[in-house]
Amino acid sequence: MDFFSLLAGVLRDPVGVVEATDDSAVLQQRLPQLLGMAAAGAALFGIVVGSYRGGLQVPYAALKMPLLLWIPVMLTLPATRALWAATGQEVSWRRTAVAGLVAMARMGVLAAAAGPALWLVFSLQPDYHFSVLLLASSLVVVGLPGLTVLMRALPSNGARTVLAAGASLVVLGLCTAQTGWLLRPFIARPTAEVALFRPIEEDIFSSLNATTHSAVGDYQGWDAESKGLLRNRR
Amino acid sequence: MEQVITEAPPSAAFEGLELPTPLEMGRAALGFAALGLCASLGSDSLASASQTAPSGLIVQAGAMLLTGPALLVGHQFLGLEASVPSLVDAMARAFVRTGTVALGLVPAVLFFSATSGLAPVLFGLAMFGMGLNGLFDAIRGMGQAEREAGAESGRTLRDAKMQLLAVGWAVLTGLIGLRIAFHLGGV
């Protein structure tokens with residue numbers, strides 16, 4: 001299957017691609033193509049996101065966006081497999097990994113497709129906090145069709161599988177949100193210095209709370225503390 | 001010639017029953033222990049970390065060990081038909097499945113522990129969700145064990161008694177699990 005046929009398959013029949021790729025020889029052939037789709041699509045989306053600030057922020061965001069798609073999926077795959085096992089459906093590691101790979105490729109391609117629409121809004125230089133919320137919403141919109149591939153590609157066992165799928169999506173959503181916070185900034189504040197990463201402090205939820213208040217003009221201030229095992233120890 | 005039977009024939013209720021292996025039980029226990037340990041790594045204080053680390057295994061195993069005998073006593077008292085090993089099997093398999101999920105959540109909890117202060121909260125929520133699911137699993141397993149045992153006559157009444165007993169046991173186990181968790185949390 002050539003690259004464009006695989007691309008069409010990822011968009012039209014991702015579960016079929018998972019079924020066909022669940023074989024060592026085929027996986028070896030398609031692995032670079034699927035990884036390439038995920039990386040290139042996410043990088044293009046990153047370029048659009050970085051264009052809000054421009055300059056160095058463009059390559060920085062292009063570099064980090066593939067990590068935003070990959071890290072949460074890698075963290076969630078063990079949980080997904082365990083949740084499926086709890087429903088009585090044993091799934092092989094290879095099947096789980098292939099489903100995750102196709103899901104990431106689909107997310108990457110959809111993110112790249114959403115790029116122009118997002119660029120149009122960013123080109124109007126909207127408010128920073130609105131832009132952050134728009135980015136988060138865009139990631140949800142392009143992420144969900146990709147993530148549901150992961151659920152549909154695994155065997156079904158009625159209502160219990162639905163519960164396992166729901167729990168997996170919750171874990172994936174939480175990990176994606178925290179990874180996005182960790183890898184920030186994607187949209188650099190207009191007055192802030194452009195940096196590849198910011199210090200590890202607080203978490204995504206306290207940040208979104210502060211940003212939501214700021215977006216509606218309620219500036220409460222935010223005293224960020226360094227937390228977690230990797231926190232700055234002073 | 002009469003045949004002298006020197007051994008009792010194996011009970012039909014025990015045939016085909018396979019309790020979880022020690023490896024499966026060990027893996028489940030490891031899952032709970034590892035989850036608690038990972039959640040404790042990002043704690044601000046050693047005291048908090050030392051309370052969180054063992055809590056996963058203590059809450060899950062402790063609640064089940066404390067209430068399991070009561071269930072077995074109640075089951076016999078009500079004159080129900082399922083064999084004791086089949087009930088133990090239902091509880092043990094629920095523990096194994098829940099522990100397997102806990103092991104699967106370790107990477108995600110470790111990630112949050114390393115990068116934020118959210119790990120204890122997420123750990124608590126995960127334990128609550130997994131505990132609920134485990135109890136439902138056990139109720140289902142025990143109900144099935146009772147349905148498969150005993151004669152057809154009187155089945156409806158037996159099923160009703162078993163459901164009531166299993167739900168009552170699950171509520172008690174859940175409350176005891178919460179009490180142990182709050183005690184370990186210093187409440």
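**The interface of chains A and B, and a nonpolar patch on chain B**

Between chain B and chain A an area of about 1,900 Å² is buried, 71% of it from carbon and sulfur atoms; buried area is the accessible area (1.4 Å probe) that two parts lose on being put together, summed over both. The model is predicted: local features need pLDDT of at least 70 and side-chain atom pairs count only at pLDDT 80 or more, while totals for chains, interfaces and linings use all residues. Residues are numbered from 1 along each chain as its sequence is written, chains are lettered from A and ligands numbered from 1 in the order in which they are written, and side-chain values use heavy atoms, with hydrogens and water left out.

Chain B brings 23 residues to the contact and chain A brings 23 residues, where contact means heavy atoms within 4.5 Å. One salt bridge is found across this interface, the term denoting a side-chain nitrogen of Lys or Arg within 4 Å of a carboxyl oxygen of Asp or Glu. The bridge joins B:D137 to A:R160, with the closest N and O atoms 2.9 Å apart. On the chain B side, the elements that give two or more residues are α4 (84-115) and α5 (119-148); helices are DSSP runs (H or I, at least four residues), numbered from the N terminus. The largest share of that side, 12 residues, belongs to α4(B). Sorted by class, the side of chain B that touches chain A holds 10 nonpolar, nine polar and four charged residues. In this sorting, Ala, Val, Leu, Ile, Met, Phe, Trp, Tyr, Cys and Pro count as nonpolar, Asp, Glu, Lys and Arg as charged, and the others, Gly among them, as polar.

Helix α4 of chain B also contains a salt bridge of its own, between the side chains of B:D89 and B:R93 (3.1 Å, N to O). These two residues are separated by about one helical turn, because they stand four residues apart in the helix. Over all chains, the count of salt bridges comes to eight.

Chain B further carries a nonpolar surface patch of about 750 Å², made by B:F128, B:L132, B:F136, B:V167, B:V171, B:L175, B:L178 and B:F182. Patches are made of residues with over 30% relative accessible area and no salt bridge, nonpolar side chains (Val, Leu, Ile, Met, Phe, Trp, Tyr) being joined within 5 Å; accessible areas come from the Shrake-Rupley method with a 1.4 Å probe, and for residues only the protein chains shown count as cover. Helices α5 and α6 (155-184) of chain B each supply at least two residues of the patch. The largest share, five residues, comes from α6(B), the helix in which B:L178 lies.

How values were computed. Patches are made of residues with over 30% relative accessible area and no salt bridge: like charges are joined within 9 Å, nonpolar side chains (Val, Leu, Ile, Met, Phe, Trp, Tyr) within 5 Å.
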